[in-house]
Amino acid sequence: MAPKYPNITVRLSGRDSNAFMILGLCQRAAKDAGLPKEEIDAFYKEATSGDHDHLIQTAMRWFSCA
């Protein structure tokens, strides 16, 4: 299944797996791609509604993760 925003790539491999780092990378990529604040807030709400695995799964559902 393709991510919601396949044109937005977030590089997670080789990075700190800290949840705040992952959230920051995703939010920065979304902002740089021009997503509206409401959409970025929706990602944040969904991504933070579970554990660390849920955060990573959410990032992969929303963006192309490398």
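In which helix does Ala 19 lie? I will come back to that residue in a moment, but let me say at the outset that what we have on the screen is a predicted model. To answer the opening question, Ala 19 belongs to helix α1, which covers residues 19-32.

Let me place that helix in the chain as a whole. The protein chain has 3 helices and 2 strands, and if you follow the sequence from its start, these elements appear in the pattern β-α-α-α-β. The radius of gyration is 11 Å, close to the 11 Å that the globule rule gives for 66 residues, so the chain is as compact as a globular protein of that length. The C-alpha trace spans about 25 × 25 × 25 Å along its principal axes.

A few totals help to complete this overview. Of the 66 residues in the chain, 33% are buried, and the accessible surface comes to about 4,300 Å², with 54% of it belonging to carbon and sulfur atoms. If we take the contacts between residues at least 6 apart in sequence, we find that 56% of them join residues at least 24 apart.

Ala 19 itself shows how distant parts of the sequence can meet. Leaving out residues up to four places away in sequence, Ala 19 touches His 52 and Leu 55, and its C-alpha lies 9.6 Å from that of Asp 53, although Ala 19 and Asp 53 are 34 residues apart in sequence. With a relative accessibility of 29%, Ala 19 counts as partly exposed.

Now please turn to the other two helices. Helix α2, residues 37-47, and helix α3, residues 52-62, have axes that come within 9 Å of one another and cross at roughly 145°. On the α2 side the contact is made by Glu 39, Ala 42, Phe 43, Glu 46 and Ala 47, while α3 contributes His 54, Leu 55, Thr 58, Ala 59, Arg 61 and Trp 62. Sorted by character, the residues of this contact divide into 6 nonpolar, 2 polar and 3 charged.

One of these residues, Glu 39, deserves a closer look, and I would ask of it: is Glu 39 buried or exposed? Its relative accessible area is 18%, and because buried means under 20%, Glu 39 is buried. Setting aside neighbours within four places in sequence, Glu 39 is in contact with Lys 4, Tyr 5 and Trp 62. With Tyr 5 there is also a polar contact, made between the two side chains at 2.6 Å.

Definitions and conventions: Residues are numbered from 1 along each chain as its sequence is written. This is a predicted model: local features need pLDDT of at least 70, side-chain atom pairs count only at pLDDT 80 or more; totals for chains, interfaces and linings use all residues. Side-chain values use heavy atoms; hydrogens and water are left out. Axes are lines fitted to C-alpha atoms, for helices over the stretch in contact, and angles run from 0 to 180 degrees between N-to-C directions. Helices (H or I, at least four residues) and strands (E, at least two) are DSSP runs, numbered from the N terminus. Contact means heavy atoms within 4.5 Å. Ala, Val, Leu, Ile, Met, Phe, Trp, Tyr, Cys and Pro count as nonpolar, Asp, Glu, Lys and Arg as charged, and the others, Gly among them, as polar. The radius of gyration is taken over C-alpha atoms; the globule rule is 2.2 Å times the number of residues to the power 0.38. Buried means under 20% relative accessible area, exposed over 50%, partly exposed in between (1.4 Å probe, protein chains only). Accessible areas come from the Shrake-Rupley method with a 1.4 Å probe; for residues, only the protein chains shown count as cover. A polar contact is a pair of N or O atoms within 3.5 Å; within protein, one must be able to donate a hydrogen and the other to accept it, and residues adjacent in sequence count only if both atoms are side-chain atoms.
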